[in-house]
Amino acid sequence: MKNKCGVPTLPPISTLHFEASHEAIFRNLRDEAHGAPPASNWTINRNNRIWEVPEEEFDTVIDTNVKGTANVMRQFIPLMIENKQGIIVNMSSGWGRSAAAQVAPYCASKWAVEGLSRSVAKELPSGLAIVALNPGVINTDMLMSCFGGSAALYQTPEAWAPKAASMILNLTAADNGASLTV
């Protein structure tokens with residue numbers, strides 16, 4: 001795989017299907033990050049009614065947002081159990097707790113992230129945690145695709161990041177299973 005500039009890149013972590021070679025890549029990433037899970041990718045469908053969303057586009061949203069989340073957890077939870085500590089933050093969305101027209105695949109995928117996070121949280125031993133984190137409303141390209149010029153009324157990623165970092169860095173095992181919002 002190559003980026004826009006033609007530079008070779010790894011496949012997005014969240015879309016890996018974890019063949020033997022992918023597991024080796026994940027182990028290397030995990031070792032370099034001292035066991036910290038990498039950030040999962042996310043994707044949204046182009047604004048469309050569900051019956052007009054191409055099957056491949058629907059599959060990409062589900063593969064990235066749902067299967068990717070599950071794959072990250074499957075790779076890192078055993079390491080967390082071995083170390084008897086760790087917190088996974090699964091990126092959710094306000095649309096994982098509500099709904100919106102023309103982004104049904106995205107909403108469905110984020111509802112799945114919420115349910116998956118809560119369910120897996122019940123399986124974890126004491127001292128570990130998984131939370132679903134809704135970043136809140138942020139002025140991004142995704143928001144612009146849905147809200148148009150009104151997206152400018154919301155906080156920028158640069159304004160959001162310090163708040164999110166503070167919140168994430170203060171999570172504890174007591175937050176296990178929580179659905180949080182920045």
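Colleague: Let's start with arginine 46: does this residue count as buried or exposed?
Modeller: Keep in mind that this is a predicted model. The relative accessibility of arginine 46 comes out at 57%. The cut-off for the top class is over 50%, so arginine 46 counts as exposed.

Colleague: Which residue does the side chain of arginine 46 meet in a salt bridge?
Modeller: Side chains of opposite charge can pair when their charged atoms come close. Here the N to O distance is 2.5 Å, and the partner of arginine 46 is glutamate 57.

Colleague: How many residues apart in sequence are the parts that this pair ties together?
Modeller: The salt bridge joins arginine 46 and glutamate 57. Arginine 46 sits in the loop between helix 1 (20-32) and helix 2, while glutamate 57 belongs to helix 2, so the parts tied together are apart in sequence by 11 residues.

Colleague: And glutamate 57, buried or exposed?
Modeller: Its relative accessible area is 13%. The limit for the lowest class is under 20%, so glutamate 57 is buried.

Colleague: What span should helix 2 have, and how far apart are its end C-alpha atoms?
Modeller: Helix 2 covers residues 55-83, which is 29 residues. At 1.5 Å a residue they should span 42 Å, and that agrees with the distance between the end C-alpha atoms, 41 Å.

Colleague: Where is the kink in helix 2 centred?
Modeller: The kink is about 35°. Its centre is a residue that also forms a salt bridge with aspartate 63, with the closest N and O atoms 3.0 Å apart. That residue in helix 2 is lysine 67.

Colleague: About how many helical turns separate aspartate 63 and lysine 67?
Modeller: Aspartate 63 is partly exposed at 23% relative accessibility, and lysine 67 is partly exposed too, with 43%. Both are in helix 2, four residues apart, which means the separation is about one helical turn.

Colleague: What phi does lysine 84 take?
Modeller: Lysine 84 comes just after helix 2. Its phi is positive, at about 60°.

Colleague: Which residue forms a salt bridge with arginine 97?
Modeller: Arginine 97 is partly exposed, at 29% relative accessibility, whereas its partner counts as buried, at 5%. The closest N and O atoms are 2.9 Å apart, and the partner is glutamate 114.

Colleague: How many salt bridges does the structure hold?
Modeller: We've met the pair of arginine 46 and glutamate 57, and also the pair of arginine 97 and glutamate 114. These are among the structure's salt bridges, which number four.

Colleague: How far apart in space are asparagine 90 and asparagine 134, C-alpha to C-alpha?
Modeller: Asparagine 90 is in strand 1 (residues 86-91) and is buried, with a relative accessible area of 3%. Beyond its neighbours within four places in sequence, its contacts include Thr69, Met73, Val113 and Leu133. Although asparagine 134 is 44 residues away in sequence, the C-alpha distance is 8.8 Å.

Colleague: Which residues form the nonpolar patch on the surface?
Modeller: One member lies in the loop between helix 4 (141-147) and helix 5 (157-169), and this tyrosine 154 is partly exposed at 35% relative accessibility. Together the patch residues have about 380 Å² of accessible area, and they are Val137, Phe147, Leu153 and Tyr154.

Colleague: In what order do the elements run from the N terminus on?
Modeller: The protein chain has five helices and three strands. Starting at the N terminus, they run α-α-β-α-β-α-α-β.

Technical notes. Residues are numbered from 1 along each chain as its sequence is written. This is a predicted model: local features need pLDDT of at least 70, side-chain atom pairs count only at pLDDT 80 or more; totals for chains, interfaces and linings use all residues. Side-chain values use heavy atoms; hydrogens and water are left out. Helices (H or I, at least four residues) and strands (E, at least two) are DSSP runs, numbered from the N terminus. The expected span of a helix is 1.5 Å times one less than its number of residues. The bend at a residue is the angle between axes fitted to the seven residues ending there and the seven starting there. Patches are made of residues with over 30% relative accessible area and no salt bridge: like charges are joined within 9 Å, nonpolar side chains (Val, Leu, Ile, Met, Phe, Trp, Tyr) within 5 Å. Accessible areas come from the Shrake-Rupley method with a 1.4 Å probe; for residues, only the protein chains shown count as cover. Buried means under 20% relative accessible area, exposed over 50%, partly exposed in between (1.4 Å probe, protein chains only). Contact means heavy atoms within 4.5 Å.
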